[in-house]
Amino acid sequence: MRIIVGVSGATGVEMSYYLLKALRSAKDCEIHLILSEGARLTWGLESDIPLEKLTALADVIHDSRDLAASISSGSFVTDGMIIMPCSMKTLAGIAAGYAENLLVRAADVCIKEGRKVVLVPREMPFSRIHLRNMKNVADDGCVIIPPVLTFYNGPKTVEDQINHIVGKILMQFGIAYDKFVPWTGAEE
């Protein structure tokens, strides 16, 4: 399996660390990572984890300005892309097909090739523009997974919440995640 992971400059960049750790633990998963300039800046503001720990989990790190990268072409076959977190700027670029950087171009390529694209939008509340853009990309085949809190599985920490979100994302690619606690039904 070959997955592209994009990290935009929205708040919540540390969630991508948990995502990459989960993908790294998946069998035979090649990870291509794109960090926007905003993601690098936000990482320094939000996370105590050294950015190098994130990048060390990727097989290939692509410069977000490199529109000639392998992943900018549909002839480079991948299983799809995850953008976590996905800023509203990145979402708008995808919705409009405005591929000014590799992050948006790679999503554009996956969409045109019929590959899975999962977006984890980070904004609250959503404006009508945000919702319209989400509807447009969903109509184009993207899956929208906002990082919504869960309670049915008894989370005790923020990490438990992140692991739930990561598990929901990985389900889209048929990847099992041992830290995901699914609903099993209520006892009667």
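This report describes the strand arrangement, selected helices and residues, and the largest pocket of a predicted model.

## The sheet

The strands form an open sheet of six members in the order E3-E2-E1-E4-E5-E6, and their pairing is parallel. Its edges are E3 and strand E6 (143–144), each of which pairs on one side only.

Strand E1 (residues 2–7) is joined to E2 by six bridges, and the two run parallel. Four bridges join E1 to E4, again in a parallel arrangement. Strand E2 in turn runs parallel to strand E3 (residues 60–63), with four bridges between them. A right-handed β-α-β unit is made by E1, helix H1 (residues 15–25) and E2.

Both E1 and E2 are assessed below for burial. Five of the six residues of E1 are buried, so this strand is largely enclosed by the rest of the structure. For strand E2 (residues 30–35), five of the six residues are buried, so E2 is likewise largely enclosed by the rest of the structure.

Individual bridge partners give the register of these pairings. Isoleucine 3 stands opposite isoleucine 31 in E2, and its bridge partner in E4 is glycine 80. Glycine 6 stands opposite isoleucine 34 in E2. On the E3 side, isoleucine 34 has histidine 62 as its bridge partner.

## Three buried residues

The following table lists the relative accessible area of three residues.

| Residue | Relative accessible area |
|---|---|
| Asparagine 133 | 13% |
| Methionine 15 | 8% |
| Isoleucine 31 | 0% |

Isoleucine 31 lies in strand E2. With a relative accessible area of 0%, this residue is buried, because buried means under 20%. Leaving aside neighbours within four places in sequence, isoleucine 31 is in contact with Ile3, Val5, Leu20, Leu23, Arg24, Leu57, Ala58, Asp59 and Val60. Ile3 thus appears in the contact list of isoleucine 31 and also stands opposite isoleucine 31 in the pairing of the strands. Isoleucine 31 and methionine 1 are separated by 30 residues in sequence, while their C-alpha atoms are 8.6 Å apart in space.

Methionine 15 is found in helix H1, the helix of the β-α-β unit. At 8% relative accessibility, methionine 15 counts as buried. Beyond its neighbours within four places in sequence, methionine 15 is in contact with Met84, Pro85, Val120, Arg122, Pro147, Ile162 and Val166. One of these partners, valine 166, is 151 residues away in sequence, and the C-alpha to C-alpha separation from methionine 15 is 8.1 Å.

Asparagine 133 has its place in helix H6 (residues 128–139). This residue is buried, with a relative accessible area of 13%. When neighbours within four places in sequence are set aside, asparagine 133 is in contact with Leu91, Ala92 and Ala95.

## Helix H4 and its surroundings

Which residues are buried in H4? They are Met88, Thr90, Leu91, Gly93 and Ile94. The buried residues of H4 pack against strand E4 (80–86), H5, strand E5 (116–121) and H6. Leu91, one of these buried residues, is also among the contacts of asparagine 133. Just after H4, glycine 97 takes a positive phi of about 70 degrees.

## The largest pocket

The largest pocket has a volume of about 280 Å³. It is lined by 15 residues, of which Ser36, Lys89, Thr90, Glu100 and Asn101 are the closest to its centre. Thr90 is therefore both a buried residue of H4, under the 20% limit for burial, and one of the lining residues closest to the pocket centre.

Helix H4 (88–96) and helix H5 (102–112) each supply at least two residues of this lining. Which of the elements gives the most to the lining of the largest pocket? H4 does, with three residues. By residue class, the lining of the largest pocket comprises three nonpolar, eight polar and four charged residues.

Helix H4 accordingly recurs in several parts of this description: its buried residues pack against E4, H5, E5 and H6, and H4 gives the most residues to the lining of the largest pocket.

How values were computed:
Residues numbered from 1 in each chain as written. Predicted model: local features only at pLDDT ≥ 70, side-chain atom pairs only at ≥ 80, totals over all residues. Heavy atoms only, no water. Buried < 20%, exposed > 50% of the residue type's maximum accessible area, 1.4 Å probe, protein only. Contact = heavy atoms within 4.5 Å. 1 Å grid on protein atoms, 1.4 Å probe; cavity = no way out; pocket = protein on both sides within 12 Å on 5 of 7 lines; lining within 4 Å. Points joined across faces, edges and corners; volume = space filled by probe spheres on them. Nonpolar A, V, L, I, M, F, W, Y, C, P; charged D, E, K, R; others polar. Pairing = 2+ DSSP bridges. Right-handed = clockwise from strand over helix to strand, strands pointing away.
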